[in-house]
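Me: I have a chain open and want to go through it residue by residue. Can you take my questions as they come?

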Amino acid sequence: MTATRLDARDIAILATLCREGRIAKTELAARVNLSPTPCWERMKRLEQVGLIRGYRAEIDLAGIGPHVQVFVTVELESHRAESFQIFERTVARLDPVTGCWAIGGGYDYLMQVVAPDVAAFQTLMDGLLESRAGVRRYYSYIVTKPVKDEPPALGLLRG
């Protein structure tokens, strides 16, 4: 994606939507000091260029039922391009994997997994090891308490 020129109001719109996706359009316009029509036009432009990829609700998983959230570092057996593609295709099909990032450093990937319990998590990982995904080893880190989960401070990203 090519960089889109953004001004302070565009950043303010994006930052507000990150925090409050369901904000009324008139309230959003007031918060960024625009009238509703220009604010709506900017929002539509930000959607069209792909900066706004969607709107989601933030769900309290504990309210749904017991669960475990686990971060997993993964090292692949091989570092050929085909090995990365196979792993990524495999992970894309696993619903409990809610996030996966290719990372630099000592590991190849960082995955985020949400499962009903530790046993279900272990079953997922056993299946991943037995598959042809090419996992050499993994290390799991069970979340014991959320400390901070905020959208990025978009104003800091502008050069």
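Reply: Yes, with one definition to begin: a residue is buried under 20% relative accessible area, exposed over 50%, and partly exposed in between (1.4 Å probe, protein chains only).

Me: What kind of model is this, and what are the ground rules?

Reply: This is a predicted model, with local features needing pLDDT of at least 70 and side-chain atom pairs counting only at pLDDT 80 or more, while totals for chains, interfaces and linings use all residues. Residues are numbered from 1 along each chain as its sequence is written, and side-chain values use heavy atoms, with hydrogens and water left out.

Me: Start with Phe71. Where does Phe71 sit?

Reply: Phe71 is in strand β1. Helices (H or I, at least four residues) and strands (E, at least two) are DSSP runs, numbered from the N terminus.

Me: And how accessible is Phe71?

Reply: Phe71 has a relative accessibility of 27%, so Phe71 counts as partly exposed.

Me: Which residues does Phe71 contact, leaving aside neighbours within four places in sequence?

Reply: With those neighbours left aside, Phe71 is in contact (heavy atoms within 4.5 Å) with Leu110, Met111, Gln112, Tyr139, Ser140, Tyr141 and Val143. For Met111 there is also a C-alpha separation from Phe71, 5.6 Å, with the two residues 40 apart along the chain.

Me: Switching to cores. Which members of the largest nonpolar core touch the most others?

Reply: They are Val72, Val74, Phe87, Met111 and Met125, in a core of 19 residues. At least two residues of this core come from each of β1, α5, β3 (109-115), α6 (118-130) and β4 (135-142). A nonpolar core here is a set of buried Ala, Val, Leu, Ile, Met, Phe, Trp, Tyr and Cys residues joined through side-chain atoms within 4.5 Å.

Me: Which element supplies the largest share of that core?

Reply: β1 does, with five residues.

Me: Why would such residues be found together?

Reply: In soluble globular proteins, nonpolar side chains tend to be buried together.

Me: Back to Val74. What is Val74 in contact with, beyond its neighbours within four places in sequence?

Reply: The contacts of Val74 beyond those neighbours are Phe87, Tyr107, Asp108, Tyr109, Met111, Val135, Arg137 and Tyr138. Apart from the largest core lies another core, of 15 residues, and Leu28, Val32, Met43 and Ile52 are among them.

Me: Let's do Leu46. Buried or exposed?

Reply: Leu46 is buried, because its relative accessible area is 0%. Its place is in helix α3.

Me: What surrounds Leu46, not counting neighbours within four places in sequence?

Reply: Leu6, Asp10, Ile13, Leu14, Leu51 and Ile52 are in contact with Leu46 on that count. Val143 is another matter: C-alpha to C-alpha, Leu46 and Val143 are 34 Å apart in space, and they are 97 residues apart in sequence.

Me: Now the polar ones in α5. Where does Ser83 stand on accessibility?

Reply: Ser83 counts as buried because its relative accessibility is 18%. Ser83 is found in helix α5, which covers residues 81-92. Not counting residues up to four places away in sequence, Ser83 touches Leu76, Ser78 and Ala133.

Me: And Thr90, buried or exposed?

Reply: Thr90 counts as buried, because its relative accessibility is 13%. Thr90 also has its place in helix α5, and with neighbours within four places in sequence left aside, its contacts are Leu128, Ser131 and Ala133. Ala133 also appears in the list for Ser83.

Me: Now the loops. Which loop holds Asn33?

Reply: Asn33 is in the loop between α2 (25-31) and α3 (36-48). With a relative accessible area of 59%, Asn33 is exposed.

Me: What is its phi?

Reply: Asn33 has a positive phi of about 60 degrees, although Asn33 is not a glycine.

Me: What about Arg132, where is that?

Reply: Arg132 lies in the loop between α6 and β4. Its relative accessible area is 79%, so Arg132 is exposed. The C-alpha atoms of Arg132 and Phe87 are separated by 8.1 Å, with their positions 45 residues apart along the chain.

Me: Last one, Asp95. Which loop, and buried or exposed?

Reply: Asp95 is in the loop between α5 and β2 (97-102). Asp95 counts as exposed because its relative accessibility is 71%. Asp95 and Arg19 are 76 residues apart along the chain, and their C-alpha atoms are separated by 25 Å.
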